[in-house]
Amino acid sequence: MILLTPFLCGVLALLVAAYLRVRLSVWSLTTAVVIVAAGWLASAGFWATALPLVALGLVALPLNLPQFRRARLSAPLLALFQKVTPTLSETEQVALDAGTVGFEGELFSGKPDWRKLLGQPRPALSIEEQAFLDGPVEELCGMINDWQISHELADLPPEVWDFLKQHRFFGMIIPKAFGGLGYSALAHSMVLQKIAGLSTTLCSTVAVPNSLGPGELLVHYGTQEQKDYYLPRLADGREIPCFALTGPYAGSDATSIPDYGIVCMGEWEGARVLGVRLTFDKRYITLAPVATLVGLAFRMHDPEHLLGDVDDLGITLALLPRDTKGLEIGRRHMPLNNPFQNGPVRGKDVFVPLAQLIGGPEMAGHGWRMLVECLSVGRAISLPSNTSGGARFAVAATGAYARIRKQFGLAIGRFEGVEEALARIAGYTYQISALSLETAAAVDRGEKPSVPSAIAKYHATERAREVAKDAMDVHGGKGIVLGPGNWLGRGWQGAPIAITVEGANILTRSLMIYGQGAIRCHPFVLKEMQALKIADYGERLRAFDAALFGHIGFSISNGVRSFVLGLSMARIGRVPGTAYTRRYYRKLNRYAAALALMSDVSMLVLGGKLKFKEKLSARLGDVLSNLYIASAMLKRFNDQGNPVNDQPLLAWGIHDSMYRMQEALDGVLRNFPLRPVAWLLRLLVFPLGRREVPPSDRLGRRVAAIIAAPGEARARLLGPIYLTPSANNPVGRMNALLPEVITAEPIERKFLKAVKAGELVGYDYDSQLADALAKGVLDAAEHALLARVRKASFEFISVDDFDAQELAAGARSKAKRELRPAA
């Protein structure tokens, strides 16, 4: 054993160096010193020390000689890499170049620097933004009657349209210099969250002009003339915008749009000018039926070479005023009884001058880049904010309803089955709201978060769908009977809408999240690919050599880190945080290392085929996504001052994310095509087996209790949503009643005990209550409280009913005609 001591100590030094990621030269020198010291201390003899040193020298010496390494190792590998590396399409390259990398890059590194996350500024609204939220947004919420909107009018009332224009809700992202509000992404998000629970129609109407559309595109790419003319008109509502991208033959595959424009001469406002003759057929275009300005994506061709030598100029964007000759805005679509304005846009041989191209003729062919850059920002705000607001509203409604609604003499929230659903509602809402906050903050930091926005879009909408399902289950019949008193039905109907828009969720999960993340976020893959494009061979070889051997060391380190952290159950490592949160940071370190290891091996073994292994890449994307979601929760928890009352919510969300990561990694390993590689990976990733479990019943009970009673943690979870107990907001009135309901519970138990004992006479609640007062079972104050709570609660457990004529389509059409919107 003594003879093996230098060798074993050398191996240990290698592992420690790999775990700590020390430089190659330091690793080599340190390992040599350790071998010599171990041999001398153990008196192992000359050969026992010399042989490990020789082996180390044979490996380390060539690696530490850059010229030799490049000529003998990197050069042949460069030639091989050039042959096997799949060529990126122009579309893929544009998508990769369009975004930026934020903290998600740290997660992909296998060794996140948590100080970077916690050092980011705490998101906060300005005084002006908070005043807008407390003033015009609050007033707007008081105007909303979603039953009138969704059932009677199939549209917003005229006064709501006017209010939106007057207070520049359509110009939140337009700079003040052009008449807009110039608000932050966080303010934009908070506005959407506040109105989302009241009306998905209203939320969509406000979201679209402030997301991907003419406004944002003009801000970033418009000519000065276009900005000066259109932006003030968009900001104050003189122009209502829509953006036409999707068509019958190109949905998620937006780059294959068949819509085209031919460069030619034509007539425009009485003059003969150079322009584009457009033919297009679009559908699912939000705000199209009321739009006065249509943004259009099409493929531009110049067969007569009027602009240059290129025939196919590529995807281009144009602005079409509604009165453009030949432009046809079709009849409305009806998206699952959520009647936000949506419909088709068509045109054949529609002529517009080149001045109507967004950015002018110079931006012809750059439309895909423009769209991808803007979509990464818009997608980080609109749907995550919408679903976050809806989920928060479901927490307020379901938590209160579960405390008010009684069955078998108990609040239904006391039953374990309902308690389990309440815990999921609260836990998922904590995740969604943290994710939405983090992506909005990334935008405000100047990032173009292409990968986080895809993560937020997919996981926020999927978890919100689960929240809606559980909320409906808890409400039972109250949730399914539509009417003015139903606060869940339209949201439940509309849940699939968020799943399908801005990139269908199946596509987003299986192609976008990991497809972009694996290249953009990896510290070396993109550098290796970029090295191949360098024209000078010497420079190309040097760049490739640096990236390649950095990548090799990175992979070895992640293999060691994954094994060590798995073996120690993630109980080691220096991390920030409090005594309560450090364990979570360590667990995330473990899964970050596992993701990096699995990614490298998958790319090495499968190469370009990994792009077509959508199930494997989707599961790896799930790991990255849940790392990001868990990071967002920890950041929010830290920013809020590590509140003790929120610990159950954080714990539920973290345990759920950890369990999802474990199952995703296991799914990759079970389905990895090269089985011996999968067996080795399983040893490194799960050396002690799969030990993560979903949130426990005990934890779920604590989480459910938080949302069923007023408190600081519940208030923080509800955030900005509209809970004013106004005439149009039954959930606000129900939450206002909740403290009295809780105060009445012990009194009601005393009363029911007397009823069961036969001490009270009468067959109904009111007569028994009167007898309880008469016999002294209840005093006057207790009697008054029970009577008041009983009467007030009836509104919230009742359901609506209608005369048959009220439900007729003709009656709704008449109401629509009588109250036509002024769009």
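Me: In which helix is Arg463 found?
Reply: In this predicted model, the residue can be placed by its helix, which spans residues 450-475. Arg463 is found in helix α17.

Me: Is Arg463 buried or exposed, and at what relative accessibility?
Reply: Buried means under 20% relative accessible area. Arg463 falls under that cut-off and therefore counts as buried, its relative accessibility being 4%.

Me: With which side chain does the side chain of Arg463 make a polar contact?
Reply: A polar contact needs a pair of N or O atoms within 3.5 Å. For the side chain of Arg463 the contact is at 2.6 Å, and the partner is the side chain of Gln431.

Me: How many aromatic pairs does the count come to?
Reply: Rings pair if their centres lie within 6.5 Å. By this rule, the count of aromatic pairs comes to 16.

Me: Of what kind is the aromatic pair of Phe132 and Tyr183: stacked or edge-to-face?
Reply: A pair of aromatic rings is described by the distance of the centres and the angle of the planes. For Phe132 and Tyr183 the centres are 5.3 Å apart and the planes are at 65°. Planes over 60 degrees apart count as edge-to-face, so the pair of Phe132 and Tyr183 is edge-to-face.

Me: How many residues apart are Phe132 and Tyr183, and which parts of the chain does the pair link?
Reply: Phe132 belongs to helix α8 (residues 127-143), whereas Tyr183 lies in the loop between α10 (158-166) and α11 (185-196). Both residues are buried. The pair links distant parts of the chain, with Phe132 and Tyr183 51 residues apart.

Me: Which residues form one aromatic cluster with Phe132 and Tyr183?
Reply: The edge-to-face pair of Phe132 and Tyr183 belongs to a cluster that takes in further aromatic residues. Those that join Phe132 and Tyr183 in one aromatic cluster are Phe163 and Phe169.

Me: Why is the pair of Phe408 and Phe415 edge-to-face, and at what angle are the planes?
Reply: The ring centres of Phe408 and Phe415 are 6.1 Å apart. Phe408 counts as exposed because its relative accessibility is 74%, while Phe415, at 28%, counts as partly exposed. Planes over 60 degrees apart count as edge-to-face, and the pair of Phe408 and Phe415 is edge-to-face because its planes are at 75°.

Me: Over the ring of which residue does the charged end of Arg69 sit?
Reply: A charge sits over a ring only if it is within 6 Å of the ring centre and within 35 degrees of the ring normal. The charged end of Arg69 is 4.9 Å from the centre of the ring it sits over, which is that of Phe549.

Me: Which element gives the most to the lining of the second largest pocket?
Reply: About 660 Å³ of space lies in the second largest pocket, and of its 25 lining residues the closest to the centre include Phe549 and Ile552. The elements that give two or more residues to the lining are α1 (5-20), α2 (24-42), α4 (66-84) and α22 (537-567). With ten residues, the element that gives the most is α22.

Me: How many nonpolar residues does the lining of the second largest pocket have?
Reply: By class, this lining has five polar and four charged residues. The nonpolar residues in the lining of the second largest pocket number 16.

How values were computed:
Residues numbered from 1 in each chain as written. Predicted model: local features only at pLDDT ≥ 70, side-chain atom pairs only at ≥ 80, totals over all residues. Heavy atoms only, no water. Phe/Tyr/Trp six-rings, centres within 6.5 Å; stacked < 30°, edge-to-face > 60°. Helix = DSSP H or I, 4+ residues; strand = E, 2+ residues; numbered from the N terminus. Buried < 20%, exposed > 50% of the residue type's maximum accessible area, 1.4 Å probe, protein only. 1 Å grid on protein atoms, 1.4 Å probe; cavity = no way out; pocket = protein on both sides within 12 Å on 5 of 7 lines; lining within 4 Å. Points joined across faces, edges and corners; volume = space filled by probe spheres on them. Nonpolar A, V, L, I, M, F, W, Y, C, P; charged D, E, K, R; others polar. Polar contact = N/O pair within 3.5 Å; in protein donor to acceptor, adjacent residues only side chain to side chain.
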